[in-house]
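Have the sequence and the model open side by side. The paragraphs below go through the strands and then the helices that lie against them.

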Amino acid sequence: MNGAWVPRCQAKADFFRMLGHPVRIRVLELLQNGPMPVRGLLSAIEVEPSALSQQLAVLRRSGMVTATRSGSTVVYELAGGDVAELLCAARRVLTEVLAGQHALLTELRQAEAGALPAPGGVGAVS
């Protein structure tokens, strides 16, 4: 069964690509606090209505959010608790990655300033 994993991995890649837009991420973050009307999302995100509409359509098609209409007001909410958990997990992972990068940056700056010998002897004085 060589390559049987490809469809599953492609579906996951498509899913993460769907999340790959800052407006979509911000909408999901805002909806963690509960349902919001489109006008509330617009004022919180400050994008053109057409741009928000496009991103909301992507989120609806992917099943990440649901929309209900009451008169002329459309209210969006997360499709389920798993979406909020995903965002929390992403925040934890990003925090760890950035903390590691910060530690490396600090070490590199100290090495550049002469506080530490350069890694691997490159540029080190014998």
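In this predicted model, 3 strands form an open sheet, arranged in the order E1-E3-E2 with antiparallel pairing. Strand E1 (36–37) and E2 are at the edges, and each has a single partner strand, so one side of each has no neighbour in the sheet. The antiparallel pairing of E2 with E3 runs over 6 bridges. To find one place where the strands face each other, look for Arg 69, which stands opposite Val 74 in E3.

Next come the helices that meet these strands. H2 packs on the sheet and touches E1, E2 and E3. The direction of H2 makes about 85° with that of E3. H4 lies across E2 and E3, and runs at about 115° to E2.

Helix H4 covers residues 49–62, which is 14 residues. From its first C-alpha to its last, H4 reaches 20 Å, close to the 20 Å expected at 1.5 Å a residue. Just after H4 comes Gly 63, with a positive phi near 85°.

Which residues of H4 are buried? They are Leu 52, Gln 55, Leu 56, Ala 57, Val 58 and Leu 59. An α-helix has 3.6 residues a turn, so residues three or four places apart point the same way. With that in mind, trace the buried positions along the helix in the model.

What do the buried residues of H4 pack against? Their partners are three helices and two strands: helix H1 (6–18), helix H2 (22–31), helix H3 (38–45), strand E2 (65–70) and strand E3 (73–78).

How values were computed:
Residues are numbered from 1 along each chain as its sequence is written. This is a predicted model: local features need pLDDT of at least 70, side-chain atom pairs count only at pLDDT 80 or more; totals for chains, interfaces and linings use all residues. Side-chain values use heavy atoms; hydrogens and water are left out. Helices (H or I, at least four residues) and strands (E, at least two) are DSSP runs, numbered from the N terminus. The expected span of a helix is 1.5 Å times one less than its number of residues. Buried means under 20% relative accessible area, exposed over 50%, partly exposed in between (1.4 Å probe, protein chains only). Contact means heavy atoms within 4.5 Å. Two strands pair if DSSP finds at least two bridges between them. Axes are lines fitted to C-alpha atoms, for helices over the stretch in contact, and angles run from 0 to 180 degrees between N-to-C directions.
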